Amino acid sequence: MTANPINDDDIFRPAIHYTAKNTWLNDPNGLIYHEGIYHLYYQNNPFGNVWGNMSWGHATSVDLISWDEQPVAILCDAEEDIYSGSIVIDEYNTSGLGNGQTAPLVAIYTSAYKDSSARRGTQAQSLAWSSDGGYTWTKHQGNPVLDRNSADFRDPKVFRYNGPPGSYWVMVAVEAEEHRVVIYRSDNLRDWHYLSSFGPANATGGVWECPDLFPLPLDGDKEQTKWILTVNLNPGGPNGGSGGQYFVGHFDGVAFTSETTVTDGSSQTAGLDTYHWLDWGRDYYAAVSFHNAPDGRRLMVGWMNNWQYGADIPTWPWRSSMSLVREISLVTEQGQHRLSQRVADEYRTGNALSVNTWSDLAMDEGKRHLHTGAPVETIEVTFIPESAEEFGLIIRGNGTDGTRIGIRPSENLLIMDRTNSGNTEFHDSFASTDTAPLKPASDGSYNLTLFIDHCSVEVFAQDGQITMTGLIFPGPDSTSLSLYAKGGTATAPSLKVTRPAGPSMRNAEPLQSHPRPTGPHAVADSSGHVKAVAELTPQLRHIAKPDWYTTDNPETLTATGTALRWGVVATGGIAHTVTADLALLEDAVLQAVSSRTQANAEEFAAEFGFVRAYYDRIEDDGETGYEQLVQDAEVDVVYIATPHAYHYEVAKAALNAGKHVLCEKALTINAAEARALVDLARERGLFLMEAVWARFVPGIQRALDIIASGEIGTVRWVRADLGFPAPEDLSARVWAPADGGGALLDVTVYPLLWAWGALGAPNAVRASGIVTDFGVDSQNALTLEYDGGAQAQLISYLSSFGPRTAVVSGTKGMIETVDLVNNPRTIRISTGGDTSREESFDQPGSGYTYQLREVTRCIQAGQLESATMPWADSVAILELFDGVRSQLGVVYANDRPLPV
C-alpha cells in the first residue's frame, strides 16, 4: 500500500532512522562532526520525492539519534546539479576562504553540468565554504577546482594526510565507468595534483561510486594500522543491485596497495561471495564516514535503499532513509583482516519502553510464536544448532506474512527472506531471498542483533562481522516475533527484545534543539557572487522552476533543438486552445489529429494545417481514431485532450506504441491508473506529463519565486477558489460520472496548485461539498492541514460565480492574484503593513506555450519527466483526490481494479 495523505496514514516512516520530511534523498554527503554537532548532508531533491534536481539536503544531531532537518544547504541551479562529496574543517585556513575569525568548513562536491552550461555533459570537482558552522554556503568563484574533462568523474572524499611525504590534503574520487579510484593531493584545497589510481579490482558489475579511504588500528592496536578503501558499485552487489565493497591494505601518502584483492575485476560475476562487502543486504549503499568524529571513532552511514527499485518504494510523501550510524573497527578473524561493525553505542544507551528476555528456548520442527511485539524493536539472540537444517526468526509477522532471518549451518549461510514480508508487488525485483556467508563462533554458536523499524531491518551477525540490511513493508498489524526450525531442532540460550523509547518521528518535525543561526548571512548566487541577506529566510520551493526559465517572461517560441512531430487526440475546446499555442512554437510540427468523427477530424486538420486526420472506423476495420494516430510512425509525441475517463486508455495505447505523452489534467481518474501509467512510461523509457499548464505560467512561477525567497516570511495560510456556472445541459461531460465529471477533476487542480506551491503536500485533508443526484460534485470545499498549524482553504464550483483568485499569507506579507487564479497576468505583493507593489506579465498566445516548451525541452534532453510537473506530484494529487471523493461519496463509472 501507499501511505494515504488523507488519513495521514504514514505507516512506513522510520522511527529510529533519518528520512527527509517530504522529499527524496539518497547518498550521504559531507558527514562531519563540528562544535558538538553531527552534520548529515545528503543527495536531495528539494522539489519532489523522486531523483532529480540534485542538491545537498541537511540534518543535524547532537546524539546520532534525534535528527533535525535543516534548510537545503547547497541548491542546484541552471548550470549544475550538486552531486556527492565531502566536507573538511580547514583549521589553518589553507584554502584562504576563512574570515580570519573561525576556521571555514569547506565542501568539495561534484558539479554535474547541465545542458545550459559551457561544460555540459561533464563532471568536475568544486568547492563551497561556510563560516557559520555549515548552515549557509558560498560557492567558490574559481569553480571547478579539478576537471578531467570526464563525464563520470565524481564523489570526492577529502581528508588531511600526515606522514613521511608531508602534510597535505588527499582526495579520493572515481572514474565511475572505468572502475578506478583516482587519488589527488593539494596544499590548499584549490589546486590539485594527480598521485595514483586503484582498480579495477574485485567487483566490477556496475559503476564505481562514493569511495572512502581511512586508517584503522588492527585489533585495537594503534601500532598496527591498516588502511581501508571502500568503494560502492551499482549494480553488481552481492545479492543484486547496489552494494559496497572494501579493500584492506596500505596507503603511503601516494598510492593505495590492497592486501585483499581476489580478482582483477575482469569478471563481473565470478567470486562475489569471496569479496569483502560492507553489507550483504540489498539496501545499504554509498556508505561514507564522518570527518572529525570524536574520540577517534570511525562512524559510517549508508543510504538504505537500492537503485533497482528505489524510486518505487511505497512511501509518501518522503522516499528513502539512511541507515543507523555504525562504528567500524578492523579485526583478525581466522587469519583474515575484516571489518567489524556495530550500531553506534548511542542507540543502546537511551531509555527503553519495555524489555523482554527469554532463556533456553527449545526450537522444534515448525514455528513457535514468541511475542506480539511492536513495529520498532531491537532483538538480541544467541542460537545453538542441533539437528536442524535451518533455524532462525520470523519478524514483523501476522500469522501468515513475515520476514525470515535464518541460518543454515551446513551451508554456512545467513538468510534474509522477504518474499512474504508484506507489500512486495511495487517492483518485480523487490521480493528476494538474500544470503551471506556466516560461520559459527569457536563454541559453535551464532549471535544476531536486529534493529527493526517500520520499514527496515538491519542484521548484525557474529558481533558485526557480517551485516545484512533490507527494506520491508509489512502492514501495521504485523508485529509478531516467532522462532522456527526446519529439518530438526535448535536452541536459543538467550533472547532479548527491547522496544526503544523514541525518538519516533522526530526527524519529521524539527525539534530546534540547535536551530539554524539567525541574523545576517552571506549567500551566493550561481556565479559565486556574494550578496548580503539580512532578514530573508529562504523557504522550500515545492514546485520547481524549469531550468530554461531564466526570466519572469521567458521566451518560449524559438526552437531549442530537433523539431517534434505532434499528434492531438480529440478536437474539443481545450484541444483548440492548446493547438493554437502549439502552432506558435518553431520546433513543433502539427503531424496528425484524431477525432471520433471524420468531419471533426478533417475540419480540425484543415484549421491548423495538420498533415493527417484520423477518425473512428469501427464499421471498417474496428480501429478508433486514436488507435490509428498512435501507430503513425511520423508522430513523436501525443497530446491527449479527451474527457478524463479516457485518459488512461489513450495514454496507455500511446506509450505502448512508443510515443511520448502530454495528457490533460487530471492525468487519470484515480491514483491506481496514474501509477500504472508512470510504471509503463518508466518501463518504456518515454516522457509522460500531466498538462497542468498553470504551473508554468509567469505569474505563478514569479509568485513561487517570491514565496521561496522569504519575502513574505513563513506561509501560514492559503486561500484560493475557481469555478464557473457550467451548462445546465445534464448530458454534458462535466456532469457525467462516466466521463469523470464534477468540479474535482475539472477545477480543483488550480486552487490546489497554490497550496501545493506554497506549503507542499498536506498532512491531512477535510472535504465537504454538494453532490448532484447523478453522483458528481458541483461544489467542493477543502481544508488542508500542515505542520505547525498552517492551513489552506480551497473552493471549487460549477454552479455559481466567484472571485477566482488566490491569496498566500505569510508572517511578513502576502501575495494576491489580481485576476485569474490559474493564469494571473498581475500579482500584488504586500509587505510591512501598507507597502505593496504590483507585477504584471505578458505572454504569447493563451499561456500554454510555457508547458509546451517544457515538454519539448524535456524530450529533446532525453528526460522522462518534468521536475516542474513530476510523476510523484501527479500520483500524490490523485491520491488526495481519491480521499476527497471517499469523503464526498463520489464514485466514477470506471473506478475499478486495473487488470494484472
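Strand S31 has side chains pointing two ways: Ser456, Glu458 and Phe460 go one way, Val457, Val459 and Ala461 go the other, and every one of them is buried. That makes six of six residues in S31 (residues 456–461), so the strand is largely enclosed by the rest of the structure. Bear in mind that this is a predicted model. Below is a quick tour of S31 and its partners, then a loop residue, a helix, some ring contacts, the cysteines and a buried serine.

**S31 and the strands beside it**

- On one side, S31 runs antiparallel to strand S30 (residues 446–453), and six bridges join the two.
- Leu450 is the residue standing opposite Val459 of S31, and Val459 is on the side of the strand that also holds Val457 and Ala461.
- S30 and S31 make a hairpin, with two residues between them.
- S31 also runs antiparallel to strand S32 (residues 466–471), again with six bridges.
- In that pairing, Ala461 faces Ile466 of S32.
- S31 and S32 form a hairpin too, this one with four residues between the strands, and Gln462 takes a positive phi near 50 degrees there.
- What about cover on S32: how many of its six residues are buried? Six of them are, so to speak, tucked away, and the strand is mostly covered.
- Ile466, Met468 and Gly470 point one way from S32, while Thr467, Thr469 and Leu471 point the other way.

**Ile313, a buried loop residue**

- Ile313 belongs to the loop between strand S19 (299–304) and strand S20 (321–322).
- Loop or not, Ile313 is buried, at 3% relative accessible area.
- Leaving out residues up to four places away in sequence, Ile313 touches Asn305, Arg319, Ser320, Phe426, Leu471 and Phe473. Leu471 in that list is a buried residue of S32.
- Ile313 and His427 are 114 residues apart in sequence, yet their C-alpha atoms are 7.9 Å apart in space.

**Aromatic rings**

- The model has 38 aromatic pairs.
- One of them is Phe159 with Trp227, a tilted pair at 5.9 Å centre to centre and 40 degrees between the planes.
- Phe159 is in strand S10 (residues 153–163) and Trp227 is in strand S15 (residues 221–234), so this pair ties together parts that are 68 residues apart in sequence.
- Both Phe159 and Trp227 are buried.
- There is also an aromatic cluster made of Phe12, Tyr309, Phe426, Phe430 and Phe473. Two of its members, Phe426 and Phe473, turn up among the contacts of Ile313.

**Arginines over tyrosine rings**

- Arg185 has its charged end over the ring of Tyr168, 3.7 Å from the ring centre.
- Arg596 does this with Tyr646, lying over the face of the ring at 5.4 Å from its centre.

**Helix H1**

- The buried residues of helix H1 (residues 573–582) are Ala575, Val578, Thr579, Asp581 and Leu582.
- Looking down the axis of H1, those buried residues fall within an arc of 160 degrees, so they line one face of the helix.
- As a reminder, an α-helix has 3.6 residues a turn, so residues three or four places apart point the same way.
- What do the buried residues of H1 pack against? Their partners are strands S37 (564–569), S38 (588–595), S40 (637–640) and S41 (660–664), along with helices H2 (598–608) and H8 (849–860).

**Cysteines**

- A search of the whole structure turns up zero disulfides.
- For Cys210, the closest cysteine sulfur is the one in Cys76, 18 Å away and too far for a bond.
- Cys210 counts as buried, at 4% relative accessibility.
- Cys858 is in no disulfide either, and its nearest cysteine sulfur, also that of Cys76, is 14 Å away.
- Cys858 is buried as well, with a relative accessible area of 2%.

**Ser830**

- Is Ser830, in strand S49 (residues 826–831), buried or exposed? Ser830 is buried, with a relative accessible area of 13%.
- Setting aside residues up to four places away in sequence, Ser830 touches Lys812, Gly813, Met814, Glu816, Thr835 and Ser836.

Note on methods:
Residues are numbered from 1 along each chain as its sequence is written. This is a predicted model: local features need pLDDT of at least 70, side-chain atom pairs count only at pLDDT 80 or more; totals for chains, interfaces and linings use all residues. Side-chain values use heavy atoms; hydrogens and water are left out. Buried means under 20% relative accessible area, exposed over 50%, partly exposed in between (1.4 Å probe, protein chains only). The arc is that of the directions from the helix axis to the C-beta atoms. Contact means heavy atoms within 4.5 Å. Rings of Phe, Tyr and Trp (its six-membered ring) pair if their centres lie within 6.5 Å; planes under 30 degrees apart count as stacked, over 60 as edge-to-face and the rest as tilted. A charge sits over a ring if NZ of Lys or CZ of Arg is within 6 Å of the ring centre and within 35 degrees of the ring normal. Two strands pair if DSSP finds at least two bridges between them. A disulfide is a pair of cysteine sulfur atoms within 2.5 Å.
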